[in-house]
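This briefing covers one residue, the surroundings of the ligand, and the confidence of the model. The structure comes first, and the notes follow by topic.

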Amino acid sequence: MANEGKTIACGEYRREDHNHILYTPSKRSIQWIIGDQLGSSVAIVLILEGEHIDLRPLKEEDFEDFCVWYNDEQVTRYLGMKPLSRDKAKLEFNQLLNDQNGVYFGIIKKDEGRIIGYVFLTDILESHMVAQEFGIVIGDRNLWGHGYGSEATKIVLKYGFKHLKLHRIQLKVLDFNKRAQHVYRKLGFAEEGSQREARLVDGKWHNVLLMGMLKKEFES
Ligand SMILES: CC(C)(COP(=O)(O)OP(=O)(O)OC[C@H]1O[C@@H](n2cnc3c(N)ncnc32)[C@H](O)[C@@H]1OP(=O)(O)O)[C@@H](O)C(=O)NCCC(=O)NCCS
């Protein structure tokens, strides 16, 4: 079996590739093993193509970057967490890689070919076609405000609604995270409520806002 991935673009599938995809919704796999005509198999890695970024499955080699992002207090405070030690980051990272109920994409800055963050849909309820948690981190904070978060969110929403055929995608965001809220509202998430004083950040209690988007809202 060849380990190397062949890439395809989601959304703009090349017809001949699309025909070969064995998609298994129950596993939410974003890597497929397909048989070729000679009887051997090839791993196809899904690449979601954007204008300035590409999304590809998060992989083990991304750990060093993940570790740096989650060790940065200016990043983790927006996630309602303290910075993680290397060991804790490893535990967290392994959980993501082994999550059978979510899809996790590394965000690749096209012009440099390097990973700058990750984005995911998880806690997917098959029976209701709902992704209970959307999340995104641009881990390199020098790159905040350059449009990458909006672009990655848009691509994942398209993937979730069109490809996974989800009916609803929801998320949680801290009340002081105005940048993230702006991005979510701009892209069509509606505020649906809040959990009062649900997180303690920098010694202060903060509300957690609940936001959601329906497939029909994404399409309109
Ligand atoms: C939130 C995050 C993903 C957004 O990604 P990003 O690449 O920085 O965002 P973008 O550049 O695409 O868009 C930022 C938008 O917020 C706006 N913005 C920035 N600061 C703002 C503020 N204080 N209040 C309101 N809007 C703000 C910008 O003007 C821009 O709006 P525009 O696209 O209409 O011009 C990224 O900043 C991040 O990873 N932050 C840390 C982790 C995090 O908060 N994750 C989300 C947890 S819910």
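Gln132 is part of strand β7, which spans residues 130-138. The model is predicted, with a mean pLDDT of 85 for the protein. Around the ligand there is a shell of 22 residues, and β7 is among the elements that supply at least two of them.

**Gln132**

- Gln132 counts as partly exposed because it has 18 C-beta neighbours inside 10 Å, a count between the limits of 12 for exposed and 20 for buried.
- Leaving aside residues up to four places away in sequence, Gln132 touches Asp123, Leu125 and Gln170.
- Arg168 is 36 residues from Gln132 along the chain, and the C-alpha atoms of the two are separated by 8.1 Å.

**Ligand shell**

- Tyr78, Gly149, Ser150, Lys178 and His182 are the closest of the residues that surround the ligand.
- Besides β7, helices α5 (148-163) and α6 (178-186) each supply at least two residues of the shell.
- The largest share comes from α6, with six residues.
- By class, the shell holds 11 nonpolar, eight polar and three charged residues.

**Confidence**

- A pLDDT of 70 or more is reached by 80% of the residues of the protein.
- Residues 1-29 have a pLDDT below 50, and this stretch has 39 contacts in the model beyond near neighbours in sequence.
- The pLDDT is also below 50 over residues 33-37, a stretch with 10 contacts beyond near neighbours in sequence.

Technical notes. Residues are numbered from 1 along each chain as its sequence is written. This is a predicted model: local features need pLDDT of at least 70, side-chain atom pairs count only at pLDDT 80 or more; totals for chains, interfaces and linings use all residues. Helices (H or I, at least four residues) and strands (E, at least two) are DSSP runs, numbered from the N terminus. Two residues are in contact if their C-beta atoms, placed from the backbone, lie within 7 Å. A residue is near a molecule or strand if its C-beta atom, placed from the backbone, lies within 6 Å of it. Ala, Val, Leu, Ile, Met, Phe, Trp, Tyr, Cys and Pro count as nonpolar, Asp, Glu, Lys and Arg as charged, and the others, Gly among them, as polar. pLDDT is the predictor's confidence in each residue, from 0 to 100.
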